[in-house]
Protein chains: 2
Amino acid sequence: MSSRPVSGTTRSVDQYRDTIEQTLRPLAARAVASVPVPAALGRQLAEDVSSPVDLPVFRNSAMDGYAVTAESVAVTPVTLPLAGVVAAGEPGRTPLPPGAALKVMTGAPIPPGADCVVPVEHTHSEGDTVTIERGRAAGEFVREAGTDVRTGELLVPAGVALAPRHIAALAAVGLAEVPVFKPIRAAVVTTGDELVPAGTPLRPGQIYNSNGIALAAALAANGVEVVSVTHSTDDPAEFRRLIDAATESADVVFTSGGVSQGDFEVVKEVLRPLGGEFGSVAVQPGGPQGLTVLGGVPVLSFPGNPVSTMVSFEVFARPILRQLSGLPAIEIRDLPLLAAVRSPAGRRQFLRGRITADGVEPVSGQGSHLVAGMAKAEVLIDIPAEVTEVAAGTIVGVRAL
Amino acid sequence: MSSRPVSGTTRSVDQYRDTIEQTLRPLAARAVASVPVPAALGRQLAEDVSSPVDLPVFRNSAMDGYAVTAESVAVTPVTLPLAGVVAAGEPGRTPLPPGAALKVMTGAPIPPGADCVVPVEHTHSEGDTVTIERGRAAGEFVREAGTDVRTGELLVPAGVALAPRHIAALAAVGLAEVPVFKPIRAAVVTTGDELVPAGTPLRPGQIYNSNGIALAAALAANGVEVVSVTHSTDDPAEFRRLIDAATESADVVFTSGGVSQGDFEVVKEVLRPLGGEFGSVAVQPGGPQGLTVLGGVPVLSFPGNPVSTMVSFEVFARPILRQLSGLPAIEIRDLPLLAAVRSPAGRRQFLRGRITADGVEPVSGQGSHLVAGMAKAEVLIDIPAEVTEVAAGTIVGVRAL
């Protein structure tokens with residue numbers, strides 16, 4: 001093993017992100033399942049859904065009031081005979097006698113012969129009559145059938161992650177089930193002899209493994225189903241076994257650690273001979289990156305420092321995973337930077353920041369190992385590669401974590 | 001039953017929202033459960049969590065490189081004897097012989113006696129020696145113990161809904177479980193003789209019940225656990241039975257329908273004698289509103305038009321429910337309105353809108369029954385009560401749905 005740095009072409013953040021996106025894009029074509037509408041919240045609709053009915057289903061009243069003809073209330077006040085009441089849910093087949101009024105509830109069918117509704121607020125009833133205090137034109141407070149959506153018209157397009165408002169529309173047209181894509185399935189394999197699971201006492205030189213739990217949480221928060229989280233020591237045979245198991249059960253695999261210039265870089269050692277491309281991306285944190293396709297399954301290899309792992313996920317994986325799952329894009333805003341910062345030449349830097357009323361401030365501690373510090377951050381501050389110093393007050397790009 | 005409108009004081013949106021918020025605020029004090037950190041994503045931390053360890057746990061190397069004393073590399077290039085290798089995970093108790101170098105991997109303990117690390121990129125090794133091409137000051141590329149977080153220091157404050165970055169920090173300090181609040185439990189009771197469940201053929205006058213499914217989805221999307229969704233006809237005895245069951249199992253109950261000026265207003269009829277306050281809020285859609293506290297459980301009664309139900313939830317319930325569950329506040333932005341709109345005098349109007357590159361445009365169809373139209377909306381456009389006409393280009397408040 002050489003102790004010299006492995007030379008390789010350094011790619012830009014945009015170039016590498018494009019490569020990742022091209023590699024993951026085939027995951028858009030996933031299996032489809034039919035799920036009950038009430039269980040479909042957050043699921044991604046697999047096909048355009050058209051309405052099986054007109055909505056409103058029938059001509060109905062927009063108000064509690066009196067169904068009349070506009071003609072009969074052209075001059076007001078006018079007192080009309082009251083011919084009955086139509087509640088919501090009634091078939092509504094009783095026609096309106098000429099010159100009379102029928103009381104109608106909101107949502108009740110407009111009786112045949114009526115052409116408008118006078119809201120109850122502008123009426124006064126007494127015994128078998130109602131006095132109309134204000135006239136209405138034909139069509140007022142009448143909801144015509146099909147004015148919301150017509151039978152066969154597109155209701156919700158394929159590809160969206162179903163929000164409550166979509167669920168409401170699907171339920172309103174009476175659909176019991178909808179076709180949704182199965183979520184992307186991901187496996188996580190962390191590496192490193194020094195890592196031990198939470199709850200275990202630490203021996204000298206050991207630290208807790210946070211990357212597996214953190215990547216699993218980040219994946220789940222972005223619509224991905226995590227099928228396994230495993231950990232390998234720096235033993236190549238063990239890593240090979242775990243990566244093979246991961247690629248058999250998942251659509252995409254994430255690894256952490258074992259990708260940089262050390263002597264025990266298990267991920268690089270195992271995956272490079274299998275066609276993996278390992279090299280440097282002009283980014284901080286997260287420079288060393290690897291990408292392998294094993295049996296058709298993309299394996300994204302992130303560096304092992306906890307902040308590097310999380311920032312790699314945010315920058316390279318999260319945007320395309322959200323897009324493939326139909327979730328809204330990550331919001332990017334321009335805000336004034338509240339403190340001057342320095343940035344390494346030639347590397348795009350993602351600082352951890354916090355939003356205030358005045359702009360965005362870097363959180364204290366930007367080292368790639370400062371995972372507790374990252375918990376305080378709400379955003380990443382994007383400093384372009386060519387920039388080495390940013391004065392306070394400069395407008396910077398900010399993306400929500 | 002009177003057919004006259006029930007007169008009552010009309011409250012403003014802000015007044016009514018304040019009343020709802022005061023009524024729901026006691027739900028902040030909920031039972032606490034201990035859950036494994038990997039299962040805590042999105043759960044609300046019930047207590048301040050302090051770090052049980054220093055992080056970094058021990059003084060370690062920030063780079064793959066050579067641990068030396070700054071003094072020994074003050075003049076470069078200099079060739080030093082190589083005394084061994086310290087991998088990550090090793091106890092790291094071998095001291096650095098004076099004037100020598102020890103190879104260290106990222107994360108490996110800094111050997112006693114060393115005070116800096118020279119990254120491998122600035123070195124050249126041959127046999128038992130290493131040539132250091134560039135010197136370093138004491139402390140460079142050394143991560144001191146406790147510089148991220150110290151034992152006993154606050155790691156994540158009580159009240160936050162745990163995001164992946166919080167999960168990462170909790171895992172990094174080795175916590176296996178964390179105390180979280182149990183979610184708010186809600187029950188939904190919809191009403192109306194005309195409503196039938198999805199999948200059932202419609203008879204004349206009937207429509208599909210979307211409010212139960214839509215409210216359940218909206219609650220779930222905002223951190224609330226939905227314990228039941230039931231439907232009552234306009235029969236007061238049936239509604240009373242269902243509302244009693246709902247208040248027995250839930251922390252808060254939502255009803256839809258039966259609150260306006262019609263003849264069959266089952267919710268108002270049942271709950272007003274039990275202390276419910278029913279009246280008008282100066283808002284469109286969603287004017288008729290009811291609030292009852294039954295056996296200590298708040299019951300929010302929304303009007304039954306699907307869009308009125310959803311907008312009532314967005315405006316009156318969602319902000320406080322998110323706050324009580326530790327979720328980020330709903331984002332409110334100011335954007336130019338892309339089309340002129342009219343608005344009723346004296347009523348704050350929430351139009352459904354869609355964001356474009358240039359601003360926000362109202363979606364076509366703003367009637368409170370246009371539930372399919374609402375599926376196309378991404379935001380609510382907030383038109384103040386006193387405004388009756390808004391010119392295109394006016395800056396308006398916009399809140400994400």
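Copies of a chain are superposed by least squares on the C-alpha atoms of residues with pLDDT of at least 70 in both. The model on screen is predicted: local features need pLDDT of at least 70, side-chain atom pairs count only at pLDDT 80 or more, and totals for chains, interfaces and linings use all residues. Residues are numbered from 1 along each chain as its sequence is written, and chains are lettered from A and ligands numbered from 1 in the order in which they are written.

**Stop 1: both chains**

Show chains A and B together. A turn of 180 degrees with a shift of 0.0 Å along the axis lays chain A on chain B with an RMSD of 0.1 Å. The two copies are therefore related as by a two-fold rotation axis. Now select Glu331(A): of the residues of chain A, its C-alpha comes closest to the rotation axis, at 5.8 Å.

**Stop 2: the side of chain A that touches chain B**

Two residues are in contact if their C-beta atoms, placed from the backbone, lie within 7 Å. By that rule, 80 residues of chain A are in contact with 80 residues of chain B. Helices (H or I, at least four residues) and strands (E, at least two) are DSSP runs, numbered from the N terminus. Among the elements that give two or more residues to this side of chain A are strand 11 (154-156), helix 2 (164-172) and helix 6 (306-324). Which element gives the most? Select helix 2 of chain A, which gives eight residues.

**Stop 3: a helix pair across the chains**

Select residues 211-220 of chain A, helix 3, and residues 164-172 of chain B, helix 2. They pack at an angle of about 165 degrees, with their axes 8 Å apart. Axes are lines fitted to C-alpha atoms, for helices over the stretch in contact, and angles run from 0 to 180 degrees between N-to-C directions. The angle makes the two helices roughly antiparallel (angles over 145 degrees count as such).

Show the side chains next. Ile213(A), Ala214(A), Ala217(A) and Ala218(A) meet Pro164(B), Ile167(B), Ala168(B) and Ala171(B). The residues of this contact divide into eight nonpolar, no polar and no charged. Ala, Val, Leu, Ile, Met, Phe, Trp, Tyr, Cys and Pro count as nonpolar, Asp, Glu, Lys and Arg as charged, and the others, Gly among them, as polar.

**Stop 4: a sheet in chain B**

Three strands of chain B form an open sheet in the order 2-14-3, with antiparallel pairing (two strands pair if DSSP finds at least two bridges between them). The edge strands are strand 2 (32-36) and strand 3 (44-45). Finish at Leu45(B), whose bridge partner in strand 14 is Val180(B).

Notes: Angles under 35 degrees count as roughly parallel, over 145 as roughly antiparallel, 65 to 115 as roughly perpendicular and the rest as oblique.
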